[in-house]
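User: I should like to learn how the features of a protein model are read, beginning with the terms and ending with the individual residues. Could we take the structure below as the working example?

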Amino acid sequence: MRGTDIVGRVLESDGSTAGDVGLWLLRGRADDLRYADLGSEKEVTAWARSDASGGFRFPRVLPGTWVITPKPVGEIAGTPHLVVVEHATGSAAAKAGKGL
């Protein structure tokens with residue numbers, strides 16, 4: 001299966017890296033960047049977890065518009081980020097914010 005690897009880093013609100021953070025990849029639209037809640041889990045296309053230095057990877061993502069967001073913890077939602085994958089192969093850089 002072909003696809004683009006989305007690689008990036010999870011950051012705290014102060015800019016420091018955040019390790020061991022669960023991440024969700026959801027289909028997105030440029031006009032609909034919303035915060036995910038636990039009810040959004042049924043829309044999740046892929047899951048990842050940041051490593052000790054905050055790094056993460058979603059392998060083989062198909063072209064389209066995607067939202068990367070930290071998995072909500074209780075009622076606390078992380079900052080979502082829009083990523084557009086334009087090519088069927090290669091890599092795309094992204095970041096995800098852990099805090100609001």
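Analyst: We begin with burial: a residue is buried under 20% relative accessible area, exposed over 50%, and partly exposed in between, with a 1.4 Å probe and protein chains only. Strands (E, at least two residues) and helices (H or I, at least four residues) are DSSP runs, numbered from the N terminus. In this structure, strand β6 (residues 81–85) has a covered face formed by H81, V83 and V85, while L82 and V84 make up its uncovered face. The model is predicted, so local features need pLDDT of at least 70 and side-chain atom pairs count only at pLDDT 80 or more, whereas totals for chains, interfaces and linings use all residues. Residues are numbered from 1 along each chain as its sequence is written, and side-chain values use heavy atoms, with hydrogens and water left out.

User: Which secondary-structure elements does the chain contain, and what percentage of its residues count as buried?

Analyst: The chain has seven strands and zero helices, which gives the pattern β-β-β-β-β-β-β when read along the sequence. Of its 100 residues, 40% count as buried. The chain exposes about 5800 Å², with accessible areas taken from the Shrake-Rupley method with a 1.4 Å probe, where for residues only the protein chains shown count as cover. Carbon and sulfur atoms supply 52% of that exposed area.

User: How is a sheet read, and in what order do the four strands of the open sheet stand?

Analyst: Two strands pair if DSSP finds at least two bridges between them. Here, four strands form an open sheet in the order β3-β2-β5-β6, with antiparallel pairing. The edges are occupied by β3 and β6, each having a single partner strand, so one side of each is left without a neighbour in the sheet. From one strand to the next, the twist averages 25°; axes are lines fitted to C-alpha atoms, for helices over the stretch in contact, and angles run from 0 to 180 degrees between N-to-C directions.

User: How many bridges join β5 to β6, and how many join β2 to β3?

Analyst: Strands β5 and β6 run antiparallel and are joined by five bridges; W66 stands opposite V83 in β6. Strands β2 and β3 also pair in the antiparallel sense, over five bridges. There, A46 in β3 is the bridge partner of L25.

User: What does a contact list show for V67, and is V67 buried or exposed?

Analyst: Contact means heavy atoms within 4.5 Å. V67 is found in strand β5 (residues 64–70) and is buried, at 4% relative accessibility. Leaving aside neighbours within four places in sequence, V67 is in contact with W24, L25, L26, G28, L33, P80, H81 and L82. L82, found in strand β6, is partly exposed at 33% relative accessibility. Not counting residues up to four places away in sequence, L82 touches R29, A30, L33, T65, W66 and V67. The C-alpha atoms of L82 and R29 are separated by 8.1 Å, although the two residues are 53 apart along the chain. For the chain, 66% of contacts between residues at least 6 apart in sequence join residues at least 24 apart.

User: How is a salt bridge recognised, and which residues form one here?

Analyst: Side chains of opposite charge can pair when their charged atoms come close. The criterion is a side-chain nitrogen of Lys or Arg within 4 Å of a carboxyl oxygen of Asp or Glu. A search of the whole structure finds two salt bridges. In one, the side chains of D5 and R57 meet at 3.1 Å, N to O. D5 lies in strand β1 (residues 4–11) and R57 in strand β4 (residues 55–61), so the pair ties together parts that are 52 residues apart in sequence. D5 is partly exposed at 21%, and R57 is partly exposed at 47%.

The other salt bridge joins R49 and D20, whose closest N and O atoms are 3.3 Å apart. R49 lies in strand β3 (residues 44–49) and D20 in the loop between β1 and β2 (22–27), so this pair ties together parts that are 29 residues apart in sequence. R49 counts as partly exposed at 49% relative accessibility, whereas D20 counts as exposed at 56%.

User: What is the geometry of the aromatic pair?

Analyst: Rings of Phe, Tyr and Trp (its six-membered ring) pair if their centres lie within 6.5 Å; planes under 30 degrees apart count as stacked, over 60 as edge-to-face and the rest as tilted. The search of the whole structure finds one aromatic pair. F56 and F58 form this edge-to-face pair, with 5.9 Å centre to centre and 65° between the planes. F56 is buried at 6% relative accessible area, and F58 is buried at 0%.
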